[in-house]
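Trainee: I should be grateful for a close look at a single part of this structure, namely the second largest cavity and its lining. Please set it in the context of its surroundings afterwards.

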Amino acid sequence: MGDAVIEPKKGLGSERRGLRVAEVIRAGESFDAEVHAELADEPEILRADTFSLWYGESRALYDISMKLPRGKVTALIGPSGCGKSTLLRSVNRMNDLVDGVRVDGEIRLEGESIYDPRVDVIELRKRLGMVFQKPNPFPMSIFENVVYPLRIDGERRKGVLAQACERALRQAALWDEVKDRLKQSALGLSGGQQQRLCIARAIVADPEVLLLDEPCSALDPVATMRIEELISEIAERYTVLIVTHNMQQAARVSNFTAFMYLGRLVEYGPSEAIFSRPILPETEQYVTGRFG
Amino acid sequence: MSTTSPNPDRHQRRTPISAHGEPAMWVTAGALILCLALILGLAIVIVWRGGSTFLVRPVHEVTLADGTVFLGSPFESEAVPGEDGQTRRRYRVGNRDLGQDSYRWVRSDEIASIATPSDGVMVERREWGVFFGRIQRVYLIREQEYEPGAGGPADGERVNTDFGPATVRVIQESETEDGDRRVLAHLVLADDAPEARGIFGHVHDTVLDRRASIESLNRHRVPLLQERLSRLEWKRRGIERRTGASRREVMPVWTWGLTALATIATGLGAARLSRMVPRGSRKYGLRVLSMAAAILCAMGVLGVVTEHPWSDDSIPVERASELIADIDADRARLSEELGRVLEEINARRERLDRVRVVIVEPTGGRFSPLSVSEPGEPMAVADVVRVVAANDLGLAGKLRVYLARWWEFLSDRPRANGAEGGVFPVIVGTVTLTLLLTVAVVPLGVISALYLREYARQGIVTSLIRIAINNLAGVPSIVYGMFGLGFFCYGLGGWVDSGPANAAPRGFWWGLVGLTGVIVLGGVISVMFAARRPGRPATAVNRFAGALAWVMWLSAAGLAVYLVSSTPYFDGWFTEKLPERPTFGGRGILWASLTLALLTLPVVIVATEEAISAVPNSIREGSIASGASRWQTIRRVVLPGALPGIMTGAILAMARGAGEVAPLMLVGAVNFTQSSPVSAEAPFLHGDRTFMHLGFHIYNLGFQSPDSQATEPLVWTTTLLLVAIVVALNLAAVMIRAKLRGKHGAAI
């Protein structure tokens, strides 16, 4: 979006520009993200309009404007501290828990602003599942962990809970491993299993959007692979927004990729375009590991 | 070498002395060992001395060089200070009612010979401690009148008694006014030492059974009747107070009926209005209105209920005299029954007291007397608790006596100011107190800590509060005792007994109720303005409204306390018993446990705070992100995770509370009381009663007993018991904690 002129691509490196955008950003000047034309056709579920965020005096996000395509996996990439996680946590208002946070602009879920005072933040969070960087199972049984979002909603019927638990665990590809020990503590699971448990917990209440905050960064390669497979599977049912440091992962699991730098959205487009023929040289250098 | 080194000075440096070897390790380890030795020493001393009190010691018959002979049990011996090679030994000699000390020191050069006679016994008595001697004779006293010519007992005749065959020995014979023969005779069951001991055992068993049934009558039936009688008396006083003059006015139906209708209408309106305001709505006007209606409705309910203008509480004079006549009839009946019971108890006691035993000392022929005032009469068998023929017992027998004494100690009530008998009611008092204090302190402390750690914004105020709480833990406990006496016993207790001392005038009181309602509404409005817009930092208005809300809530709470404490509509639940018998307006176990709860509050708060902050934040975030509210997160995730730590706090509080003595002396512990804080009569737990406490009992035995020498072993045993109870409480809590940990996983 924006009025940046999108020039037809002529192949990587054929017309290499200098890292002009990075300089503009470092200088703090205003800048419009390069958004690929393919995104214009996608139906949106969530969009940010010139969304900015401050932690006290320091600004973490600068006028982010982007839309999240419905039913697709979108990856947020960028160097550490570029505001990927902040953006993700702004979507379900987890930043409310931090003192001194100020926002400007809007984020809209299905067209409704989520920062409107009329919005019940608890209801909002129920529409958005979230998985964190470190697996954070609760100190209770596997079963109780999975059905936690239903329990706090007041669901008490055993049959409903058991059904939901099985469905979520199957979707999270964990059912076969834990079906015989649902009553045991979740803390006895391995790291990868715990993370899949957290995914099951995040999807048990059928959220509209699934927010994944570097879900594999604390896991070993095998567990990472399983989670990636899982994300591809559940992407059929949910809209997924995933923050990752791992380029290969972003390329493998996502349909769209947004590259962020120093709190700004830099380039946003279909993943294969971002990873094979990005518009901006900064993006190209970042995804090939030469920048950032 | 040094030419290649980047730092040429490097090899000239000296290793400092502190880096040689590890002297610090030895010092620290030594300190630890010293600590362990002290703790272990404490445990060993208490267990050894406390456990040896009930050991069965042999009975020595010591003949001194000057020819006197005494019986006694040997205790420790030691070198006589200042004399080489000379030792002395401490003997327990008892027989205090014959003018002896409980213990005497005997120098080894005074002793001519020591024997261990098999018939030498130590007799534990109900009064005056133990008696060393030999059982000489067991007999019954019988005094009867016979008509002339009807015969009657003759000297040397064999007769049968309840206890077996006996030989008649006529002591005194006289003639009554109407010519009958009155004979005072002893029916001698046994008359020489070896046989007497066997027969005594049999007689003693029977007598103890009978005595137990008399005592149970005396201990249960009599207090019950007395309690009923005094209840009738209080009921009567209550009726007299309410006779004739009314303190309330009966209002016409339409006045209070209209008020009630208006109250119901505002209540319905409040409910309707609040339904019109969805969550998170900004329809502040409606919210304020619904809140105002709710407050108005609450005030209406308060007014209608407190005034209850549809009736007055006076009793018409005729009705009162009827009631009082009923009560008087009941009282007469009960008094008669009480008199009959007491008479029966006396008669049965007298009969039992006629069974006598002669236990003599080895020299002088002195025997254990019935009482100090009747030194010429041998003692009653019923006053013997136990006869220990230590020299005649094998190991199994000694063990049996040892265990029997422990059982008596644990299950019986104290006699002779605690110097004899058991400590069962003392244990009951201690355990009840500890449980009550735990029940009071844990919820309060946990809830406070939750606010402090989970809800409150961490800043200078919370830091100040934390410092204050930590300092509270260091306040001397007697200060809490004084506070408890002043606030709980006299203040709160007095209010419960007789209502507010200075009740506010009604108009003024209702004015204050209205003011409180307005302030609450102001608080509600302030809270609305204190909420910041999502994604925006707090504005000046938000902050001001937040501060204002605090002020309003605090003043509303203060006003509420004042309103309750000065209400003109309450004049006590126990006014009838005043002034001679305050119920809650004095010392009692409820106030004692609340005082201790206050004392242990800092322990619980600090432990809970630590446990809560040990719950990882990622778990909280996971719960919030799942759509849980703050409270749901606390309730379902934080509290279960922090439970083991909270239990630790509760354990520490219990241990601290159970061992505390000083404040209890002020707020409820007593030397001795017949009544127990828990009983089978409603309401089962009697918060108004005084109680006995092991710690205070130790103090009493050690310092308040007339014969502290004799009670010293019991002091040790009671100490051992107190330590054991505290350890048992701790162990139970540790086990519960371990179980909880197992249930919720080992992460926290």
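Mentor: In this predicted model, the lining of the second largest cavity comprises nine nonpolar residues, two charged residues and no polar ones. The space inside amounts to about 90 Å³. Its walls are formed by A:Leu46, A:Arg47, A:Ala48, A:Met66, A:Lys67, A:Leu68, A:Leu76, A:Leu87, A:Val91, A:Ile107 and A:Leu241. Three elements of chain A, namely strand 2 (44–55), strand 3 (58–69) and helix 2 (84–91), each contribute at least two residues to this lining.

The search of the whole structure yields four cavities of 30 Å³ or more. The largest of them has a volume of about 120 Å³. Among the 15 residues lining the largest cavity, those closest to its centre are A:Gly129, A:Arg201, A:Ala202, B:Ala625 and B:Ser626. At least two lining residues each come from helix 3 (121–126), strand 7 (128–131) and helix 8 (191–203) of chain A, and from helix 13 (617–625) of chain B. The lining of the largest cavity consists of nine nonpolar, three polar and three charged residues.

Helix 8 of chain A also packs against helix 9 (residues 221–234) of chain A, at an angle of about 20° and with the axes 9 Å apart. Since angles under 35 degrees count as roughly parallel, these two helices of chain A, helix 8 and helix 9, are therefore roughly parallel to each other. Their crossing is right-handed. Helix 8 of chain A contributes A:Gly192, A:Gln195, A:Arg196, A:Ile199 and A:Ile203 to the contact, and helix 9 of chain A contributes A:Ala223, A:Arg226, A:Ile227, A:Leu230 and A:Ile234. Six of these contact residues are nonpolar, two are polar and two are charged.

How values were computed: Residues numbered from 1 in each chain as written. Chains lettered and ligands numbered in written order. Predicted model: local features only at pLDDT ≥ 70, side-chain atom pairs only at ≥ 80, totals over all residues. Heavy atoms only, no water. 1 Å grid on protein atoms, 1.4 Å probe; cavity = no way out; pocket = protein on both sides within 12 Å on 5 of 7 lines; lining within 4 Å. Points joined across faces, edges and corners; volume = space filled by probe spheres on them. Helix = DSSP H or I, 4+ residues; strand = E, 2+ residues; numbered from the N terminus. Nonpolar A, V, L, I, M, F, W, Y, C, P; charged D, E, K, R; others polar. Axes fitted to C-alpha atoms, helices over the stretch in contact; angles between N-to-C directions. Parallel < 35°, antiparallel > 145°, perpendicular 65-115°, else oblique. Left-handed = near helix turned anticlockwise from the far one by under 90°. Contact = heavy atoms within 4.5 Å.
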